[in-house]
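Hi everyone, thanks for coming. Let's look at one structure together and see how its side chains pack.

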Amino acid sequence: SLLKARYFPNCSFLDAKRGGRTSWAWSSLLVGKDILKGGTHWQIMDGNCVRVWIDRWLPTIPGGKLSPLGTVQVSTSLMANSLIFLVKREWNIDFLKPFLVEEEFDAIWETQIGDPTLRDRLVWLFEKNEMFTVKSGYHWAHKCAQSHWTSNIHTSATIPGALWKCVWHLEVPPKL
(Lines give C-alpha, C1' and ligand atoms only; values in the text may rest on other atoms or scores of the structure.)
Protein backbone atom coordinates (compact mmCIF):
# COMPACT_ATOMS: atom_id res chain seq x y z
CA SER A 1 0.00 0.00 0.00
CA LEU A 2 1.03 3.60 -0.51
CA LEU A 3 0.93 4.44 3.21
CA LYS A 4 3.12 1.47 4.11
CA ALA A 5 5.67 2.37 1.45
CA ARG A 6 5.84 5.97 2.61
CA TYR A 7 5.47 5.84 6.40
CA PHE A 8 6.43 2.36 7.66
CA PRO A 9 8.24 0.36 4.97
CA ASN A 10 10.33 -1.70 7.41
CA CYS A 11 7.91 -2.46 10.24
CA SER A 12 4.27 -3.23 10.99
CA PHE A 13 1.61 -0.56 11.31
CA LEU A 14 1.56 -1.02 15.09
CA ASP A 15 5.29 -0.28 15.28
CA ALA A 16 5.13 2.71 12.92
CA LYS A 17 6.27 6.14 14.15
CA ARG A 18 5.20 9.63 13.24
CA GLY A 19 7.87 10.98 10.82
CA GLY A 20 9.01 14.44 9.92
CA ARG A 21 6.49 15.56 7.32
CA THR A 22 3.33 13.62 8.01
CA SER A 23 -0.03 14.24 6.45
CA TRP A 24 -3.18 14.92 8.42
CA ALA A 25 -4.51 11.50 7.38
CA TRP A 26 -1.39 9.70 8.63
CA SER A 27 -1.47 11.63 11.91
CA SER A 28 -5.11 10.61 12.37
CA LEU A 29 -4.31 6.97 11.71
CA LEU A 30 -1.58 7.10 14.36
CA VAL A 31 -4.16 8.20 16.94
CA GLY A 32 -6.23 5.18 15.95
CA LYS A 33 -3.11 3.01 16.20
CA ASP A 34 -2.59 4.10 19.80
CA ILE A 35 -6.16 3.09 20.63
CA LEU A 36 -5.61 -0.29 18.96
CA LYS A 37 -2.32 -0.86 20.79
CA GLY A 38 -3.88 0.02 24.12
CA GLY A 39 -6.87 -2.29 23.82
CA THR A 40 -5.45 -5.32 22.03
CA HIS A 41 -3.24 -8.21 22.94
CA TRP A 42 -1.77 -11.06 20.97
CA GLN A 43 -3.44 -14.44 21.03
CA ILE A 44 -0.83 -17.18 20.84
CA MET A 45 -1.40 -19.66 18.03
CA ASP A 46 1.87 -20.75 16.36
CA GLY A 47 3.93 -18.34 18.51
CA ASN A 48 5.98 -17.04 15.57
CA CYS A 49 4.82 -13.41 15.67
CA VAL A 50 4.84 -12.58 19.39
CA ARG A 51 7.96 -11.11 20.95
CA VAL A 52 8.03 -12.38 24.56
CA TRP A 53 9.56 -9.27 26.18
CA ILE A 54 8.06 -6.59 23.93
CA ASP A 55 4.50 -7.45 22.87
CA ARG A 56 1.30 -7.43 24.91
CA TRP A 57 0.20 -11.07 25.07
CA LEU A 58 -0.80 -11.74 28.67
CA PRO A 59 -4.34 -10.46 29.23
CA THR A 60 -4.39 -11.23 32.98
CA ILE A 61 -1.60 -8.86 34.01
CA PRO A 62 -1.58 -5.04 33.86
CA GLY A 63 0.10 -3.85 30.69
CA GLY A 64 -0.12 -7.34 29.21
CA LYS A 65 3.61 -7.89 28.88
CA LEU A 66 6.51 -9.27 30.86
CA SER A 67 9.04 -7.21 32.78
CA PRO A 68 12.27 -8.98 33.69
CA LEU A 69 13.34 -8.74 37.32
CA GLY A 70 16.12 -6.34 38.21
CA THR A 71 18.74 -5.52 35.62
CA VAL A 72 18.64 -8.86 33.83
CA GLN A 73 19.51 -8.56 30.15
CA VAL A 74 16.94 -10.36 28.00
CA SER A 75 16.81 -11.09 24.31
CA THR A 76 14.25 -8.82 22.68
CA SER A 77 14.11 -11.23 19.75
CA LEU A 78 12.84 -14.15 21.88
CA MET A 79 9.60 -15.35 20.27
CA ALA A 80 6.70 -17.07 22.05
CA ASN A 81 7.20 -20.25 20.01
CA SER A 82 10.47 -20.71 21.97
CA LEU A 83 8.37 -21.17 25.11
CA ILE A 84 6.13 -23.93 23.75
CA PHE A 85 6.65 -27.69 23.73
CA LEU A 86 5.69 -28.29 20.10
CA VAL A 87 4.42 -31.86 20.48
CA LYS A 88 2.47 -31.37 23.72
CA ARG A 89 1.36 -27.80 22.87
CA GLU A 90 2.00 -26.61 26.42
CA TRP A 91 4.28 -24.02 27.98
CA ASN A 92 7.96 -24.76 28.52
CA ILE A 93 8.83 -21.84 30.81
CA ASP A 94 10.61 -23.22 33.87
CA PHE A 95 13.84 -21.56 32.71
CA LEU A 96 12.09 -18.14 32.95
CA LYS A 97 11.13 -18.49 36.63
CA PRO A 98 14.22 -16.66 38.01
CA PHE A 99 13.53 -13.70 35.72
CA LEU A 100 9.84 -13.10 36.50
CA VAL A 101 7.64 -12.21 39.43
CA GLU A 102 5.28 -15.03 40.36
CA GLU A 103 2.23 -13.18 38.97
CA GLU A 104 3.80 -13.03 35.48
CA PHE A 105 4.95 -16.64 35.60
CA ASP A 106 1.41 -17.73 36.54
CA ALA A 107 -0.06 -15.51 33.81
CA ILE A 108 1.89 -17.42 31.18
CA TRP A 109 0.65 -20.76 32.54
CA GLU A 110 -2.93 -19.47 32.43
CA THR A 111 -2.61 -18.28 28.83
CA GLN A 112 -4.05 -20.76 26.36
CA ILE A 113 -2.11 -21.81 23.31
CA GLY A 114 -4.25 -21.88 20.19
CA ASP A 115 -4.20 -23.74 16.91
CA PRO A 116 -0.57 -24.19 15.75
CA THR A 117 -1.63 -24.13 12.09
CA LEU A 118 -2.74 -20.50 12.46
CA ARG A 119 -0.63 -17.36 12.87
CA ASP A 120 -0.72 -15.40 16.11
CA ARG A 121 -3.39 -12.72 15.96
CA LEU A 122 -4.28 -9.48 17.65
CA VAL A 123 -7.56 -9.56 19.54
CA TRP A 124 -9.58 -6.63 20.86
CA LEU A 125 -10.30 -7.09 24.56
CA PHE A 126 -13.49 -5.05 24.69
CA GLU A 127 -15.82 -7.00 22.41
CA LYS A 128 -17.09 -10.53 23.00
CA ASN A 129 -16.08 -11.54 19.47
CA GLU A 130 -12.63 -9.94 20.02
CA MET A 131 -13.04 -7.78 16.89
CA PHE A 132 -12.37 -4.04 16.99
CA THR A 133 -15.22 -1.66 16.24
CA VAL A 134 -15.05 2.11 16.09
CA LYS A 135 -17.77 2.25 18.73
CA SER A 136 -15.90 0.04 21.22
CA GLY A 137 -12.65 1.91 20.44
CA TYR A 138 -14.37 5.20 21.19
CA HIS A 139 -15.79 3.88 24.47
CA TRP A 140 -12.42 2.45 25.48
CA ALA A 141 -10.62 5.75 24.71
CA HIS A 142 -13.30 7.73 26.56
CA LYS A 143 -13.01 5.43 29.59
CA CYS A 144 -9.21 5.78 29.61
CA ALA A 145 -9.44 9.57 29.35
CA GLN A 146 -11.91 9.67 32.25
CA SER A 147 -9.74 7.46 34.46
CA HIS A 148 -6.69 9.60 33.64
CA TRP A 149 -8.62 12.78 34.47
CA THR A 150 -9.98 11.24 37.69
CA SER A 151 -6.54 10.06 38.80
CA ASN A 152 -5.17 13.58 38.24
CA ILE A 153 -7.92 15.01 40.44
CA HIS A 154 -7.07 12.53 43.20
CA THR A 155 -3.43 13.53 43.05
CA SER A 156 -4.49 17.12 43.69
CA ALA A 157 -5.34 16.05 47.23
CA THR A 158 -1.60 15.93 47.88
CA ILE A 159 -1.25 19.66 47.21
CA PRO A 160 -1.03 21.53 50.51
CA GLY A 161 -4.28 23.08 51.69
CA ALA A 162 -2.71 26.55 51.97
CA LEU A 163 -1.90 26.50 48.26
CA TRP A 164 -5.48 25.57 47.36
CA LYS A 165 -6.78 28.41 49.53
CA CYS A 166 -4.61 30.82 47.57
CA VAL A 167 -5.83 29.44 44.26
CA TRP A 168 -9.52 29.59 45.19
CA HIS A 169 -9.29 33.06 46.70
CA LEU A 170 -7.51 34.72 43.83
CA GLU A 171 -9.27 37.85 42.77
CA VAL A 172 -9.98 38.62 39.18
CA PRO A 173 -8.47 42.00 38.30
CA PRO A 174 -11.08 44.69 37.61
CA LYS A 175 -11.74 45.59 33.98
CA LEU A 176 -10.26 48.87 32.92
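Let's start with a small detail: the side chain of Ser27 makes a polar contact with the side chain of Thr22, at 3.2 Å. A polar contact is a pair of N or O atoms within 3.5 Å; within protein, one must be able to donate a hydrogen and the other to accept it, and residues adjacent in sequence count only if both atoms are side-chain atoms.

A quick word on the source: this is a predicted model, where local features need pLDDT of at least 70, side-chain atom pairs count only at pLDDT 80 or more, and totals for chains, interfaces and linings use all residues. Residues are numbered from 1 along each chain as its sequence is written, and side-chain values use heavy atoms, leaving out hydrogens and water.

Ser27 sits in helix 2, residues 24–39 (helices are DSSP runs of H or I, at least four residues, strands are runs of E, at least two, and both are numbered from the N terminus). Is Ser27 buried or exposed? Buried, because its relative accessibility is 17% (buried means under 20% relative accessible area, exposed over 50%, partly exposed in between, with a 1.4 Å probe and protein chains only).

Now to helix 3. Its buried residues are Glu104, Phe105, Ala107 and Ile108. Down the helix axis they fall within an arc of 155°, so they line one face of helix 3 (the arc is that of the directions from the helix axis to the C-beta atoms). On the other side, Glu102 and Glu110 are exposed. The buried residues pack against strand 3, 90–91 (contact means heavy atoms within 4.5 Å).
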